[in-house]
Amino acid sequence: MQMDAQAVFELVMENIKEEARKLIDRLPENSTWDDLMYQIYVRQTVEAGLADSKAGKVTSVQEVRRKFGLPE
């Protein structure tokens with residue numbers, strides 16, 4: 001069964017909303033807007049890194065060390 005683009009979009013958005021709710025629920029009661037924005041940024045960055053890794057968009061440690069002139 002194949003889903004149309006709108007159905008996929010709605011599913012993704014619902015998942016994002018649910019994950020945002022969970023993130024908010026884990027914040028301490030005295031959290032600020034900056035705390036919330038930081039947590040969203042961290043989550044988004046980690047997910048982007050995992051997606052890059054899964055897609056094979058990675059750089060070896062040795063290559064990074066060579067690029068920055070660090071010992072291997």
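**Exercise 1. Confidence in the model**

Task: Determine in which helix of the chain confidence is lowest and in which it is highest.

Solution. In this predicted model, confidence is lowest in helix 1, residues 5-26, where the mean is 84. Confidence is highest in helix 3, residues 61-67, with a mean of 95. For the chain as a whole, the mean pLDDT is 89. A value of 70 or more is reached by 94% of the residues. As a general caution, predicted coordinates should not be read in detail where pLDDT is low.

**Exercise 2. Elements and overall form**

Task: State how many helices and strands the chain has, and decide whether the chain is a compact globule or more spread out.

Solution. Begin with the elements: the chain contains three helices and zero strands. Read from the N terminus, their order is α-α-α. Next, compare two radii: the radius of gyration is 18 Å, whereas the globule rule gives 11 Å for 72 residues. The value for the chain is well over that of the rule, so the chain is more spread out than a compact globule. Finally, consider the box filled by the C-alpha atoms, which is roughly 45 × 45 × 15 Å along the principal axes.

**Exercise 3. Surface and charge**

Task: Find what percentage of the residues of the chain count as buried, and how far apart the mean positions of the positive and negative charges are.

Solution. A residue is buried when its relative accessible area is under 20%. Of the 72 residues, 4% count as buried. The accessible surface of the chain comes to about 6800 Å², and carbon and sulfur atoms account for 59% of this surface. As to charge, the chain carries 10 positive and 13 negative charges, and their mean positions are 7 Å apart.

**Exercise 4. A residue in a loop**

Task: Locate Asn 30 and classify Asn 30 as buried, partly exposed or exposed.

Solution. Asn 30 is found in the loop between helix 1 and helix 2, the latter spanning 33-54. The relative accessible area of Asn 30 is 65%. Because the cut-off for an exposed residue is over 50%, Asn 30 is exposed. A distance completes the picture: Asn 30 and Lys 54 are 24 residues apart along the chain, and their C-alpha atoms are separated by 36 Å.

**Exercise 5. Salt bridges within helix 1**

Task: Identify the salt-bridge partner of Glu 18 and that of Lys 22.

Solution. The structure holds six salt bridges. Glu 18 pairs with Arg 21, with their closest N and O atoms 3.6 Å apart. Both residues lie in helix 1, three residues apart, which is about one turn of the helix. Glu 18 is partly exposed at 33% relative accessible area, and Arg 21 is partly exposed at 40%. Lys 22 forms a salt bridge with Glu 19, at 3.4 Å from N to O. This pair also lies in helix 1, with a spacing of three residues, about one turn of the helix. Lys 22 counts as partly exposed, with 36% relative accessibility.

**Exercise 6. A link between two helices**

Task: Explain which parts the salt bridge of Arg 43 and Glu 19 ties together.

Solution. First, the closest N and O atoms of Arg 43 and Glu 19 are 3.1 Å apart. Arg 43 lies in helix 2 and Glu 19 in helix 1, so their salt bridge ties together parts that are 24 residues apart in sequence. Arg 43 counts as partly exposed, at 29% relative accessibility. Lastly, salt bridges with shared partners join Glu 19, Lys 22, Arg 43 and Glu 47 into one network.

Terms used: Residues are numbered from 1 along each chain as its sequence is written. This is a predicted model: local features need pLDDT of at least 70, side-chain atom pairs count only at pLDDT 80 or more; totals for chains, interfaces and linings use all residues. Side-chain values use heavy atoms; hydrogens and water are left out. pLDDT is the predictor's confidence in each residue, from 0 to 100. Helices (H or I, at least four residues) and strands (E, at least two) are DSSP runs, numbered from the N terminus. The radius of gyration is taken over C-alpha atoms; the globule rule is 2.2 Å times the number of residues to the power 0.38. Buried means under 20% relative accessible area, exposed over 50%, partly exposed in between (1.4 Å probe, protein chains only). Accessible areas come from the Shrake-Rupley method with a 1.4 Å probe; for residues, only the protein chains shown count as cover. Lys and Arg count as positive and Asp and Glu as negative; His and the chain ends are not counted. The place of a charge is taken as NZ of Lys, CZ of Arg, CG of Asp or CD of Glu. A salt bridge is a side-chain nitrogen of Lys or Arg within 4 Å of a carboxyl oxygen of Asp or Glu.
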